[in-house]
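Visitor: I would like a close look at one part of this model, with the cut-offs stated as you go. Please start from the chain as a whole and then work inward.

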Amino acid sequence: MKRNRRAALALFGATAMLLTGCTGEVDNQDSTPFRGFERVGEVGEYGVWYDRGSETGLSNAIIADGTHRLVSCLGEPVLICYDSNREGGQLILVIAAEETESVTVDFAGEDVELELMDEPENEDDTPPVFAGQAPPFDGEDFRWNFYGYDADGEELWTR
């Protein structure tokens with residue numbers, strides 16, 4: 001009985017050494033803070049990340065402060081997502097229709113041009129992703145409208 005117990009402990013110890021790295025290090029192929037996502041740009045000090053679901057085909061874009069998601073957008077174009085910080089200047093993320101070349105937001109009477117993010121290298125036929133930050137707003141009667149334009153400056157969509 002004691003012999004079986006010792007053999008089991010020895011086997012457990014050898015297995016534990018193998019699992020803890022005595023045979024070498026495991027190379028993590030995904031060095032991004034969001035598994036499967038690719039960094040496609042910045043909004044000020046924040047990173048913008050993109051991925052397309054392999055099973056659903058849905059676009060997924062994130063504005064993040066390091067590994068903390070500030071805005072997350074998942075769906076099909078045209079999709080508009082934002083944080084709720086009007087006083088600090090809302091972060092805005094738009095997954096736009098395929099032909100969209102520019103996006104302007106009428107933010108409480110002030111035009112805000114969103115920046116087109118880079119196309120992901122690991123994805124084909126992705127919708128354009130736009131991101132930006134609106135100016136701080138602490139007034140009343142808040143309103144906004146989104147306008148997507150093609151390469152000729154023609155309006156494609158309004159939200």
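Of the contacts in the chain with a separation of 6 or more, what percentage comes from residues 24 or more positions apart? After that, please look closely at β6 and at the core.

Guide: This is a predicted model, in which local features need pLDDT of at least 70 and side-chain atom pairs count only at pLDDT 80 or more, while totals for chains, interfaces and linings use all residues. Residues are numbered from 1 along each chain as its sequence is written, and side-chain values use heavy atoms, with hydrogens and water left out.

The percentage you ask for is 51%, a contact being heavy atoms within 4.5 Å. The chain has one helix and 11 strands, where helices (H or I, at least four residues) and strands (E, at least two) are DSSP runs numbered from the N terminus. The helix comes at the N-terminal end of the order, and the strands follow it. Of the 159 residues, 37% count as buried; buried means under 20% relative accessible area, exposed over 50%, and partly exposed in between, with a 1.4 Å probe and protein chains only. The chain exposes about 10500 Å², 44% of it supplied by carbon and sulfur atoms; these areas come from the Shrake-Rupley method with a 1.4 Å probe, and for residues only the protein chains shown count as cover.

Now to β6. Five of its five residues are buried. In a regular strand the side chains alternate between the two faces of the sheet. On one side of β6 are L91, L93 and I95, on the other I92 and V94, and both faces are covered. Strands count as paired if DSSP finds at least two bridges between them. By that rule β6 has β5 as an antiparallel partner, through four bridges, and L79 is bridged to I95 there. β6 also runs antiparallel to β9, with five bridges joining the two; L91 has Q133 as its bridge partner in that strand.

β6 is also one of the elements that supply the largest nonpolar core. A nonpolar core is a set of buried Ala, Val, Leu, Ile, Met, Phe, Trp, Tyr and Cys residues joined through side-chain atoms within 4.5 Å. This one has 17 residues, and V48, I63, L93, V129 and A131 touch the most other members. Two or more residues come from each of β1 (38-43), β2 (46-52), β3, β4, β5 (79-82), β6 (91-95) and β9 (129-133). A second core, separate from this one, has 16 residues, among them V103, L114, A134 and F146. In soluble globular proteins, nonpolar side chains tend to be buried together.

V48 shows what such a position touches. Outside its neighbours within four places in sequence, V48 has contacts that include I62, I63, L93, M117 and A131. Its contacts also include E38, R39, V40, G41, E42 and V43. Two of these, E42 and R39, form a salt bridge with an N to O distance of 3.3 Å; the term covers a side-chain nitrogen of Lys or Arg within 4 Å of a carboxyl oxygen of Asp or Glu. E42, at 42% relative accessibility, is partly exposed, and R39 is partly exposed at 41%. The structure holds one salt bridge.

I62 and I63 lead on to β3. Strand β3 (residues 59-65) pairs with β4 (residues 68-75) in the antiparallel sense over seven bridges, and S72 is the partner of I62. Two residues lie between the strands of this hairpin, where G66 takes a positive phi near 70°.

The structure's one disulfide joins C73 and C81, with the sulfur atoms 2.0 Å apart; the cut-off is a pair of cysteine sulfur atoms within 2.5 Å. The torsion about this S-S bond of C73 and C81 is about 90°, so the disulfide is right-handed. Both C73 and C81 are buried. In the loop between β4 and β5 lies V78, and the peptide bond from P77 to V78 is cis, with omega near -5°.

Most residues other than glycine have a negative phi, and most peptide bonds are trans. Two further residues depart from the phi pattern. A108 has a positive phi of about 55°; A108 sits in the loop between β7 (102-107) and β8 (110-116) and is partly exposed at 27%. D125, in the loop between β8 and β9, also has a positive phi of about 55°, and D125 is exposed at 73% relative accessibility.
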